[in-house]
Amino acid sequence: MDHEGVRRPAGRTGGTTSARHMRELDRDEALGLLATVSLGRIVFTQHALPAVRPVNHLVEGEDVIIRIHEGGALASLAAPADGPGVVVAYEADAIDPDTHLGWSVVVTGYARPVSDAEDTDRYADLLRPWVGRPMAATLRIRPDLVTGFRLEAAPPPAPAIRG
């Protein structure tokens with residue numbers, strides 16, 4: 001902790017940061033950026049409390065596809081395919097730890113099991129598990145709401161006009 005009682009990462013001080021601004025992303029740009037990374041975090045309800053788990057994903061059209069392990073915390077999301085699904089949020093980002101420039105995207109929607117066998121097999125080939133546990137299901141998150149922002153370096157100030 002520093003002299004102000006604030007815990008900071010090693011080598012970091014509370015000095016000033018370079019000028020930057022936050023720009024809101026439209027839906028297409030946000031989904032396009034989400035498709036450029038393979039790691040994200042799914043936010044769901046577990047025992048009536050919010051829970052977050054890191055998972056790998058792929059984006060197909062506007063849908064986010066993930067696979068879940070048998071018996072894992074996410075197994076409760078494999079609701080019957082005939083229902084509306086389970087409301088979840090999915091977040092991914094790419095933010096440079098030194099410059100603090102980058103982006104973050106959040107997708108909120110319903111997660112439903114993928115029931116088509118051909119799709120399930122194709123996703124199994126594309127999304128490999130990180131640990132050696134059997135996979136229980138493949139989920140498709142249909143986004144109702146897509147939000148995101150990009151942290152960008154602020155343009156330099158315009159030179160003063162002398163006259």
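Which residue's side chain does arginine 140 meet in a salt bridge? Aspartate 119 is the partner, at 3.8 Å from N to O. That pair gets its own close-up below, in a set of legends for a predicted model.

**View 1. The whole chain, for orientation.** Start here before zooming in. There are 2 helices and 8 strands in the chain. Read from the N terminus, the elements go β-α-β-β-β-β-β-β-α-β. Out of 163 residues, 29% count as buried. A search across the whole structure turns up 14 salt bridges, and a few of them are picked out in the next views.

**View 2. Arginine 140 and aspartate 119 meet in a salt bridge.** Here's the pair from the opening question, with 3.8 Å between N and O. Arginine 140 sits in strand β8 and aspartate 119 in helix α2 (residues 117–126), so the contact ties together parts that lie 21 residues apart in sequence. Is arginine 140 buried or exposed? With a relative accessibility of 14%, arginine 140 counts as buried, because the cut-off for buried is under 20%. Zoom out a little and the pair turns out to belong to a network: salt bridges with shared partners join Glu60, Asp63, Asp119, Arg122, Arg140 and Arg142.

**View 3. Arginine 150 meets glutamate 29 in a salt bridge, and glutamate 152 in another.** Take the glutamate 29 contact first, where N and O are 3.9 Å apart. This one links distant parts of the chain: glutamate 29 belongs to helix α1 (residues 27–34) and arginine 150 to strand β8 (residues 135–153), with their positions 121 residues apart. Now look at the contact with glutamate 152, where the N to O distance is 4.0 Å. How accessible are the three side-chain owners? Glutamate 29 is partly exposed at 26% relative accessibility. Arginine 150 is partly exposed too, at 22%, and glutamate 152 counts as partly exposed at 21%.

**View 4. Threonine 147 and glutamate 24 are brought together from far along the chain.** The two residues are 123 apart along the chain, yet their C-alpha atoms are separated by 7.8 Å. Threonine 147 is another residue of strand β8. Its relative accessible area is 37%, so threonine 147 counts as partly exposed.

**View 5. The largest pocket, with a volume of about 270 Å³.** Its lining is made up of 15 residues. Which of them lie nearest the centre? Look for Pro54, Val55, Arg67, His69 and Leu74. Strands β3 (49–56) and β5 (63–69) each put at least two residues into the lining. The most comes from β3, which gives 4 residues. Sorted by class, the lining holds 9 nonpolar, 3 polar and 3 charged residues.

**View 6. A nonpolar patch on the surface, formed by Leu39, Trp130 and Val131.** Together these three residues have about 300 Å² of accessible area. Where is tryptophan 130 found? It's in the loop between α2 and β8. Tryptophan 130 counts as exposed, with a relative accessible area of 52%, since the cut-off for exposed is over 50%.

**View 7. Alanine 48, a residue with positive phi that isn't a glycine.** Check the backbone here: phi is about 65°. Alanine 48 is found in the loop between β2 (39–46) and β3. How exposed is alanine 48? Its relative accessible area comes to 69%, so alanine 48 counts as exposed.

**View 8. Histidine 100, which also has a positive phi without being a glycine.** The phi value for histidine 100 is about 60°. You'll find histidine 100 in the loop between β6 (86–95) and β7 (102–113). With 34% relative accessible area, histidine 100 is partly exposed.

Definitions and conventions
Residues numbered from 1 in each chain as written. Predicted model: local features only at pLDDT ≥ 70, side-chain atom pairs only at ≥ 80, totals over all residues. Heavy atoms only, no water. 1 Å grid on protein atoms, 1.4 Å probe; cavity = no way out; pocket = protein on both sides within 12 Å on 5 of 7 lines; lining within 4 Å. Points joined across faces, edges and corners; volume = space filled by probe spheres on them. Nonpolar A, V, L, I, M, F, W, Y, C, P; charged D, E, K, R; others polar. Buried < 20%, exposed > 50% of the residue type's maximum accessible area, 1.4 Å probe, protein only. Patch = residues over 30% accessible without salt bridge, like charges linked within 9 Å, V, L, I, M, F, W, Y side chains within 5 Å. Areas by Shrake-Rupley, 256 points an atom, 1.4 Å probe, with all protein chains shown as cover.
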